[in-house]
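I opened the model today to look up a few places one after another, and I write down here what I found at each.

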Amino acid sequence: MNTFFIDGQLVDVINKKIKNTRITIQDGLISAINPVENAPKHYILPGFIDAHVHVESSMLIPSEFARLASVHGTVATVSDPHEIANVCGKEGVEYMIQNGKQVNFKFYFGAPSCVPATPFETAGGEISAEDLEDLLSRPEVSYLAEMMNWPGTVNRAPEVMEKIAIAQKFGKPIDGHAPGLKGEMAKKYISAGISTDHECFTKEEALDKLQYGMKIAIREGSAAKNFDALIDLINDYYHKIMFCSDDKHPDNLAEGHINKLVSRAVKKEKDLFKVLQAACINPIEHYQMDVGKLQVGDKADFIISKDLIEFDIIATYVNGKKIAENGQTLIPSIPSNLINNFNTSPKSPADFEIQAKGDTVKVIVAQDGQLITPQITGKIKIKEGLAESNIEADILKISVINRYEDQNPTVSFIKNFGLKEGAIASSVGHDSHNIIAVGVDNASIAKAVNLIIEAKGGISAVSKTEDFLLPLPVGGIMSNEDGYKIAKAYTSIDLMAKKMGSTLNSPFMTLSFMALLVIPELKLSDKGLFDGLKFEFTPLFQE
């Protein structure tokens with residue numbers, strides 16, 4: 001029998017008390033919680049949970065994600081393997097589940113509901129209704145992941161309702177994805193059985209969804225940041241609020257996770273117990289997670305924090321075993337096999353040429369901290385009959401290259417990347433993970449893209465003096481190497497992009513969303529320029 005004791009200030013979120021306590025842990029369970037006269041001044045809390053995350057966006061496989069997240073007091077995630085599913089189908093989902101099982105960390109994977117995400121792009125995999133039936137029948141698959149097809153849900157499209165019915169048959173919750181939806185449309189969407197949303201970017205939108213019975217995950221990731229707009233909801237709706245990152249790049253994950261959101265909320269004078277209810281308890285109850293709430297009989301999943309303001313984590317325990325201590329992970333790196341789907345040939349600068357039909361084009365507007373991309377019209381340069389970037393106006397070429405088969409790249413224009421030279425490219429391109437690139441000239445774009453094609457996945461930057469590639473050989477979207485090494489390499493390539501002129505806080509994360517057709521207004525897929533409001537392709541040149 002393995003028994004040990006932890007003394008400290010127990011933060012009992014369920015009963016809203018803090019007390020001097022000795023906790024007895026026996027064979028991975030909390031067997032007793034007893035008062036003591038004197039206890040150390042550190043705080044014992046339930047572990048933090050990321051209520052919606054695509055692990056793949058960390059560019060790390062699950063076992064490596066766990067190593068970095070555990071240091072910050074995260075014990076579990078609600079993880080949507082949508083990204084790898086778009087690359088490798090059901091085999092990709094299986095890969096994530098099996099890799100996650102190899103470490104002492106609680107991954108709760110969902111069954112991706114929308115793969116491919118739309119018919120307007122080329123994906124590498126498909127998750128059919130039969131696949132969902134198989135996945136959702138398994139105890140290790142906890143929910144139907146974000147239903148991005150909100151028009152199909154609102155209109156009760158048969159193929160959408162079939163997927164929802166499968167999840168309901170197995171008694172598993174259904175996650176939502178409905179940016180900007182309010183009023184009767186939101187009501188119809190939620191009434192189909194959708195239980196959560198992480199896409200709210202205004203308080204008014206979130207309140208609308210809350211009144212119709214939805215739960216809201218407040219998102220603060222590397223690209224989309226909605227914390228400040230939504231955190232006041234916790235005052236009155238704390239039982240229906242969770243925290244999530246959605247997409248977290250490796251450098252940001254190395255710095256902090258859900259603990260940072262908890263700290264920010266407390267510093268905004270939000271009630272400690274309401275904040276911890278959202279960060280630690282609500283995801284367990286909503287997703288029926290086998291994660292301890294720091295009560296007698298629970299799994300011994302808990303953290304020790306130096307204080308209740310900064311939430312610097314002294315130690316993290318899962319199933320009664322210490323998995324991180326004083327900023328160091330105790331989870332070992334494990335060997336992992338490769339899984340991928342990459343089949344396209346190198347490109348030439350001529351592949352990125354556009355015959356000019358005038359000097360006025362529709363322009364995608366990238367926004368720091370938001371996934372929504374407004375559409376404007378802008379002036380481009382014309383040279384020898386070809387449409388080229390207007391560097392002075394910060395209107396640069398953007399291209400999406402089908403990585404699953406040889407096709408001509410699509411090319412359009414984008415504002416706010418700020419590059420003054422070279423190009424950046426990535427095979428992390430939501431949702432289908434084709435290659436996406438932004439650059440000032442065709443030669444630089446071709447060079448950045450070809451670095452990725454040669455490596456069968458990665459992110460790259462090409463300047464006048466330097467080429468940089470961070471390989472991502474797992475599905476073309478993840479590395480199987482040490483997570484801290486990848487975080488350091490990512491920091492370097494991010495800095496290079498900024499030295500080339502990018503003013504974005506996270507240029508590669510922002511780049512990865514420029515082909516995300518389900519978020520309006522204007523995006524680019526491997527099949528063409530796409531109007532996300534009308535949900536149809538649109539011509540580049542303004543008539």
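I began with the terms for strand pairing: two strands pair if DSSP finds at least two bridges between them, and helices (H or I, at least four residues) and strands (E, at least two) are DSSP runs numbered from the N terminus. I kept in mind that this is a predicted model, in which local features need pLDDT of at least 70 and side-chain atom pairs count only at pLDDT 80 or more, whereas totals for chains, interfaces and linings use all residues. Residues are numbered from 1 along each chain as its sequence is written, and side-chain values use heavy atoms, with hydrogens and water left out.

**Entry 1, the hairpin.** I looked up strand S25 (residues 458–462) and found that 5 bridges join S25 to S26, the two running antiparallel; they form a hairpin with 4 residues between them. When I asked which residue in S26 is the bridge partner of Ala461, I found Phe468. Along S26 (residues 467–471) I saw the side chains alternate, with Phe468 and Leu470 pointing to one face and buried, while Asp467, Leu469 and Pro471 point to the other and are not buried. Buried here means under 20% relative accessible area, exposed over 50%, and partly exposed in between, with a 1.4 Å probe and protein chains only.

**Entry 2, Lys163.** I found Lys163 in helix H6 (residues 158–169), and noted that Lys163 is buried yet has no salt bridge, the nearest side chain of opposite charge, Glu126, being 7.4 Å away. A salt bridge needs a side-chain nitrogen of Lys or Arg within 4 Å of a carboxyl oxygen of Asp or Glu; for charge, Lys and Arg count as positive and Asp and Glu as negative, with His and the chain ends not counted. What I did find is the backbone oxygen of Ser113 at 2.8 Å from a polar atom of the Lys163 side chain. Leaving aside neighbours within four places in sequence, Lys163 is in contact (heavy atoms within 4.5 Å) with Ser113, Leu132, Leu144 and Met147.

**Entry 3, Asp175.** I placed Asp175 in strand S9 (residues 174–176) and read a relative accessible area of 1%, which means that Asp175 is buried. Not counting residues up to four places away in sequence, Asp175 touches several residues, among them His52, Leu144, Met147 and Tyr287. The C-alpha atoms of Asp175 and Glu146, 29 residues apart along the chain, are separated by 4.4 Å.

Methods: A polar contact is a pair of N or O atoms within 3.5 Å; within protein, one must be able to donate a hydrogen and the other to accept it, and residues adjacent in sequence count only if both atoms are side-chain atoms.
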